[in-house]
Amino acid sequence: MLSRIFFLIIKYMFEYSDAQLDRLQKLISISRLAPYLERANNDRRRAIKLYERNSHLSEAIYGILQGLEIVLRNSFQQTLTTSLRTDQWYNNIEWRYPQNEQVKSAKEEMRRLNKAVESDRIVAQLSFGF
């Protein structure tokens, strides 16, 4: 019963006026809102609420994703270090584009920050998609 009351309070606390919906639609962009509008049968209020809900769900799983990313990156580094028998694995692989540019950029960033170019720092600089 209490959760239902809380839900109703939240639902009515965050109602948007037409002017606010117009502004939000411009700020978020119609192309980004398009899947939400489609799902909400072009009801802008409902689409914005779906967009907000997606943001909240994304926040909820961010910590899990962050941990997964760290574990995968470190596993990647350990596997390459073991396989290539060097902790400077990033210098011993013939990378394809764009990976070669990402490794080069990571090294340049370390030098720019006056830090030693080391594998753990390289791994931290590379994107998750690397």
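In which helix does S119 lie? In this predicted model, S119 belongs to helix α6, which covers residues 119-125.

The overall fold provides the setting for that residue. The protein comprises 6 helices and 0 strands, and its elements follow the order α-α-α-α-α-α along the sequence. Of its 130 residues, 18% count as buried, while the surface that the protein exposes amounts to about 10,200 Å², with carbon and sulfur atoms supplying 53% of that area. Among contacts with a separation of 6 or more, 43% are made by residues 24 or more positions apart.

Three residues illustrate how position and accessibility combine.

| Residue | Location | Relative accessibility | Class |
|---|---|---|---|
| S119 | helix α6 (residues 119-125) | 8% | buried |
| Q77 | helix α4 (residues 44-84) | 14% | buried |
| F128 | segment after α6 | 45% | partly exposed |

S119 is classed as buried because its relative accessibility of 8% falls under 20%. Setting aside neighbours within four places in sequence, S119 is in contact with Q77, D87, W89 and Y90. Q77, which sits in helix α4, is in contact, under the same exclusion of sequence neighbours, with W89, S119, D120 and V123, so that W89 appears among the contacts of S119 and also among those of Q77.

F128, in the segment after α6, is partly exposed at 45% relative accessibility. F128 contributes to a nonpolar patch on the surface together with I61, I64, L65, L68 and L72, and the accessible area of these residues together is about 580 Å².

Definitions and conventions:
Residues are numbered from 1 along each chain as its sequence is written. This is a predicted model: local features need pLDDT of at least 70, side-chain atom pairs count only at pLDDT 80 or more; totals for chains, interfaces and linings use all residues. Side-chain values use heavy atoms; hydrogens and water are left out. Helices (H or I, at least four residues) and strands (E, at least two) are DSSP runs, numbered from the N terminus. Buried means under 20% relative accessible area, exposed over 50%, partly exposed in between (1.4 Å probe, protein chains only). Contact means heavy atoms within 4.5 Å. Patches are made of residues with over 30% relative accessible area and no salt bridge: like charges are joined within 9 Å, nonpolar side chains (Val, Leu, Ile, Met, Phe, Trp, Tyr) within 5 Å. Accessible areas come from the Shrake-Rupley method with a 1.4 Å probe; for residues, only the protein chains shown count as cover. A salt bridge is a side-chain nitrogen of Lys or Arg within 4 Å of a carboxyl oxygen of Asp or Glu.
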